[in-house]
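This report covers backbone outliers, charged pairs and the ligand site. The model comes first, then the details.

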Amino acid sequence: MRIVDLRSDTVTKPSPEMWEVVKSWDDSKLGDDVMREDPTVNELEMKAAKKLRKESALFVSSGTQGNLISLLSQTTPGDEILVEEESHIFGNEVGSAARIGGLMIRTYSSERGFPSLKKLQTMIRDSEEIHEPPSTLLCAENTHNYHGGTIIKPEELKEMRDFALKNNLKFHLDGARIFNASVASNIPITDFTKHVDSVMFCLSKGLSCPVGSMIVGSKDFIDKARKFRKMLGGGMRQAGIIASFGLVALEDKWINRLNEDHNNAKRLAEGLLSLNLSISVQNPETNILMVYFPDNTPMEKIILSLHEEGVLAYDISQKIRFVTHFGIDEDDIDFSIEKIGNILKKILK
Ligand SMILES: Cc1ncc(COP(=O)(O)O)c(C=O)c1O
């Protein structure tokens with residue numbers, strides 16, 4: 001049965017070029033990374049730091065681990081951190097900031113990742129006031145997953161950066177998909193990352209590596225982060241085997257391939273719009289498309305019917321999220337439009 005898996009860009013498999021690198025493997029490219037002796041991991045970390053024009057980088061097992069390590073490295077237990085209310089850090093990281101970091105999380109709202117700085121200002125705690133915890137870290141997510149792959153523009157990040165500086169906060173970016181933001185807006189990645197103290201980006205999403213994320217920032221930050229990675233059991237020894245995929249992923253040619261995913265998300269949006277159904281279809285900015293349904297729509301039934309017809313997607317309350325990625329082509333999108341159309345025409349009537 002034909003399956004088009006639009007649940008997430010985490011389902012991607014490595015590209016043929018990545019497999020070529022692994023095939024040409026030999027022992028000289030491996031070492032003990034905890035001892036800093038794995039040449040492939042060292043090369044990947046240097047490449048990531050250079051690409052984002054920061055001093056240092058660290059290879060970590062996942063985006064979740066990278067975010068947590070970034071928080072731990074820039075806060076003290078008992079601090080309060082400002083996090084967007086629909087962000088991955090707040091909603092999908094098992095409460096690790098509280099449980100492991102001892103941090104209070106204060107959430108701010110936003111339409112697409114960028115908050116009202118006026119409102120944010122009212123959330124800053126008064127460190128002189130005896131009852132209040134200190135606010136020490138601001139977090140943003142770019143692109144923003146649950147708002148539908150929306151982009152926080154470089155000038156907005158700068159505003160957030162100025163706000164953070166004014167209030168004596170560090171600024172962390174969950175940039176799991178920051179390369180999508182850069183490619184979709186045709187703006188160099190450094191124009192985004194220059195405004196933040198630390199950034200986590202994922203190799204294992206649109207960049208289609210099997211495993212891994214990077215955290216990037218100052219040398220001082222990464223030195224601390226390396227120790228927290230070890231504390232969390234993330235010292236990975238001969239990790240060059242998995243890091244080698246990342247070396248291919250960080251080539252410009254591969255990064256620019258993300259355009260295909262963005263075009264496919266647009267194609268899907270246009271196809272669904274042309275069905276003239278009582279749904280609201282987002283105009284996608286990157287590789288995530290949100291489709292909104294009227295209240296009381298039987299979402300579970302729709303998702304189940306889609307799965308039976310070979311189109312996989314997730315529902316998030318009254319919306320369905322479709323994610324395009326490596327391995328999905330225009331034909332898959334057209335197939336999906338047809339299947340989705342047939343099902344929705346029956347169910348929405
Ligand atoms: C915005 C965002 N941040 C962080 C993560 C966590 O990445 P991982 O699944 O590698 O832990 C995800 C995963 O989907 C994500 O969408």
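## Backbone outliers

R36 is placed in the loop that runs between α1 (16-23) and α2 (39-51). This is a predicted model. Phi of R36 is near 65°, a positive value in a residue other than glycine. Most residues other than glycine have a negative phi, and most peptide bonds are trans. R36 has 45% relative accessibility, so it counts as partly exposed.

S208 also carries a positive phi, about 60°, although it is not a glycine. Its place is in the loop between β7 (198-202) and β8 (213-217). Is S208 buried or exposed? S208 counts as buried because its relative accessibility is 0%. The cut-off for buried is under 20%.

A cis peptide bond joins N142 to T143, with omega near 0°. T143 belongs to the loop between β5 (135-141) and α7.

## Salt bridges

How many salt bridges does the structure hold? The count is 24. Side chains of opposite charge can pair when their charged atoms come close. Three pairs are listed here, each with the distance between the closest N and O atoms.

| Pair | Closest N and O atoms | Place |
|---|---|---|
| K158 and D162 | 2.8 Å | helix α7 (residues 154-166) |
| K219 and D223 | 2.8 Å | helix α10 (residues 219-231) |
| R267 and D334 | 2.9 Å | helix α13 (residues 258-273) and helix α15 |

Take the pair in α7 to begin with. K158 and D162 are 4 residues apart, about one turn of the helix. K158 has a relative accessibility of 39%, so it counts as partly exposed. D162, at 36%, counts as partly exposed.

The pair in α10 comes next. D223 and K219 are 4 residues apart, about one turn of the helix. D223 is partly exposed because its relative accessible area is 37%. For K219 the relative accessible area is 46%, so K219 is partly exposed.

Which residue pairs with R267 in a salt bridge? The partner is D334, and the closest N and O atoms are 2.9 Å apart. This pair links distant parts of the chain, 67 residues apart. R267 lies in helix α13, while D334 lies in helix α15. R267 counts as partly exposed, since its relative accessibility is 30%. D334 is partly exposed, with a relative accessible area of 32%. The range for partly exposed lies between the limits of 20% and 50%.

Salt bridges also link R2, D331 and D332 in a network. D331 has its place in helix α15 (residues 330-348). D331 has a relative accessibility of 47%, so it counts as partly exposed. Between D331 and E308 the chain runs 23 residues, and their C-alpha atoms are separated by 19 Å.

## Ligand site

Where does the ligand sit? The ligand occupies the largest pocket. Its surroundings consist of 13 residues. The closest are G63, T64, D174, R177 and K205. Helix α3 (residues 63-74) gives the most to this shell, with 3 residues.

Polar side-chain atoms reach oxygen atoms of the ligand from several residues. For T64, a polar side-chain atom lies 2.6 Å from a ligand oxygen atom. K205 places a polar side-chain atom 2.8 Å from an oxygen atom of the ligand. For N145, the distance from a polar side-chain atom to a ligand oxygen atom is 3.0 Å. On its own, the ligand has 390 Å² of accessible area, and the protein covers 85% of that.

Key: Residues numbered from 1 in each chain as written. Predicted model: local features only at pLDDT ≥ 70, side-chain atom pairs only at ≥ 80, totals over all residues. Heavy atoms only, no water. Helix = DSSP H or I, 4+ residues; strand = E, 2+ residues; numbered from the N terminus. Buried < 20%, exposed > 50% of the residue type's maximum accessible area, 1.4 Å probe, protein only. Salt bridge = Lys/Arg side-chain N within 4 Å of Asp/Glu carboxyl O. Near = heavy atom within 4 Å. Polar contact = N/O pair within 3.5 Å; in protein donor to acceptor, adjacent residues only side chain to side chain. Areas by Shrake-Rupley, 256 points an atom, 1.4 Å probe, with all protein chains shown as cover. 1 Å grid on protein atoms, 1.4 Å probe; cavity = no way out; pocket = protein on both sides within 12 Å on 5 of 7 lines; lining within 4 Å. Sits in = over half its atoms within 2 Å of the grid points.
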